[in-house]
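Student: I should like to work through one strand and its surroundings, and then the contact between two chains. May we look at the structure together?

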Amino acid sequence: MTAKTLYEKIWDHHVVHEEPGKPSLIYIDRHLIHEGTSPQAFAGLKAEGRKVRRPDLTFAVMDHSVPTKDRLLPIVDQDAKLQFEALAKNCAETGVRLFDMHSQNQGIVHIIGPELGITQPGQTIVCGDSHTSTHGAFGTLAFGIGTSEVEHVLATQCLVQSKSRTLNIKVTGKRPKGVTAKDIILAIIGKIGIGGGTGCVAEFSGEAIRALSMDGRMTVCNMTIEGGARAGMVAPDDVTFAYMEGRPFVPRGKDFQEAVERWRLLKTDDGAKYDMTVELRAEEIGPQVTWGTNPGMVTSVAGRVPDPHDFKDLNDQKATESALKYMGLKPGTPIVDIPVDRVFIGSCTNSRLDDLRAAAHLVAGKHVAKNIKQALIVPGSRGIKAQAEKEGLDKVFTQAGFEWRDAGCSMCIGMNADVLPPQERSASTSNRNFEGRQGRDSRTHLVSPVMAAAAAIAGHFVDVREFDVAHVE
Amino acid sequence: MPLDKVNVDTDQMVPKQFLKALTREGFGRILFYDWRYFPGEKPNPNFVLNFPRYQGASVLLARTNFGCGSSREHAPWGVKDYGFRAIIAPSYADIFYNNCFKNGILPAILKEEEVDELFTRTEAEEGYSLSIDLPSQTITDKHGLKYNFEIAPARKEVLLKGLDDIGQSLLHATAIDAYEKGHTATAKMYETVDVKYYSNGR
């Protein structure tokens, strides 16, 4: 039998129909939807008189525009309110399960999928959101789709797809103290560039990836799309199975044991070939900070803001010049000399328990610096929020001067009231530092949760390795 | 219209505040919103889309990795609604590229040096125009320039015939049924969860 990669195994298992020279029809095991990219899909379906084929495999949640303050108050944003109402109506009419903003299980779509056990190894998972790559941490083929494809999956439970190339991203060795999953993925994007994985499905391998918790693996897979690869995956192992056992939608008892046996086969065979391989050494990665307007514009906290002339390519020079102008930064500035206005710890990249625990450990007994206008903690889900409160993390944060909020996408995308004001600078644990991402003319620096927490305490970026960071994931 | 910038992301095409729509219409007016307008919606005369010479343009000339970032289909809806029928660039981000075909936009791929040449010609000559012929996969100008562009045959067919791809997939309904019957382990939902977990089950 031919040796296969993990991606090829999952692909082959999901082919419904194929013809030579044409894209294949692929079965979709789980379809996640949210208020932002689904209304037009439901409208299209209705206009054609089509039905949702498998409402039982479709899960809806309100996350992008939900308020993170008091949800019992009326929704002020009329456009957001209409989208919430449309989602509730569409789900009620079609029988799709909905976690609305008052559900105890509500949260960011990519947080609650794994948290509730909807996400399981070997599945194909899609969602009208590019960070669907997160679910790949469980050895699934998971990727973001547009609204027309959302409509296609609602109607057929399938997608028309061409096979991607395979990219093996191997991270060898051990992570140094203070270096997290976020730093690993930012370093990878810095190396391959934001278009480096275009046309590929990435598989993360190597000792440093294996050593990560599920929370850490999800952080890595989440940002695969920022390196251009639509999907990223990690082969499931005992860490994965231990995480899954007992979650609401995961099979139980004998069914679970049988599932685990099946899941154990989900790994790349010895001798299977990838189209491309990239290798990084974990020992060489330091805590990362982005300085520009895309996630590939990144350096170690020990570094400096680059000079456009450091780049050979003319397009890169122009892009750097324009990014520095937007960010209000001078070439050569040490990263640790950059002051911060606001801190955001949240998003589908870094709002899980490991992230909150590590940040809380760092800020315990300390206080947010005077120049910090706002420091937000937005748990990824209400489930995470409840568990964090049980552990007393909310008190640690509020006593340190942070605001403790309700779950949602929040300041990562600024579709609710949590917006970064013009020219203000954030230390943000989110995934995109594009122009205007967190608010028009705002300046985003992407960092890990402990780096963001440390910046909140110091008022500027600091090397987290100088802090007590024993519990970092 | 030449947009001389690498890695243009979909957040720039349609910023977040416009993602709260319920329809696919009207995104042309806000395409490239933050670059195109000063706060208060006063047009920014320094942004290329506002140059008088490019008004009414139907071809968008772009750089590497065009359309990266968010999967929002609002981006191609904006491109189309503005009046662009084709994009020419050396490369595109995967999701955006796919979304273009769902909306009848041709994202043509040329070599980097060919795109460079088109930028030079567009900027040198006011009213510079190109003809794009999809069946023969060629881009020509009236000075004798002729480039061939790449496109997968199945993609080309979708654009030429304007196929309803959901309808096409539904032709395979029997195969989908058969798949579901043969893959109960993955194509089934484990109902071990209490209904209290969903809000609309109350």
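Student: In this predicted model, which residue of β11(A) is the bridge partner of A:V201?

Tutor: Strand β10 of chain A covers residues 200-205, and strand β11 of chain A covers residues 231-233. These two strands pair in the parallel sense over three bridges. The bridge partner of A:V201 in β11(A) is A:A231.

Student: Which residue of β10(A) does A:N168 stand opposite?

Tutor: Strand β9 of chain A, residues 165-172, also pairs with β10(A) in the parallel sense, over six bridges. Within this pairing, A:N168 stands opposite A:E203.

Student: Through which helix does the chain cross from β9(A) to β10(A), and is the crossover right-handed or left-handed?

Tutor: The connection passes through helix α6 of chain A, residues 181-192. This β-α-β crossover is right-handed.

Student: Why is β10(A) described as largely enclosed by the rest of the structure?

Tutor: In a regular strand the side chains alternate between the two faces of the sheet. Here A:C200, A:A202 and A:F204 point one way, while A:V201, A:E203 and A:S205 point the other way. The strand is largely enclosed because six of its six residues are buried.

Student: Which element of chain A gives the most to the side that touches chain B?

Tutor: The contact takes 70 residues from chain A and 50 residues from chain B. Elements of chain A that each supply at least two residues to this side include β1, α3 and α11. The one that gives the most, with seven residues, is α3(A).

Technical notes: Residues numbered from 1 in each chain as written. Chains lettered and ligands numbered in written order. Predicted model: local features only at pLDDT ≥ 70, side-chain atom pairs only at ≥ 80, totals over all residues. Buried ≥ 20, exposed ≤ 12 C-beta atoms within 10 Å, placed from the backbone. Helix = DSSP H or I, 4+ residues; strand = E, 2+ residues; numbered from the N terminus. Pairing = 2+ DSSP bridges. Right-handed = clockwise from strand over helix to strand, strands pointing away. Contact = placed C-beta atoms within 7 Å.
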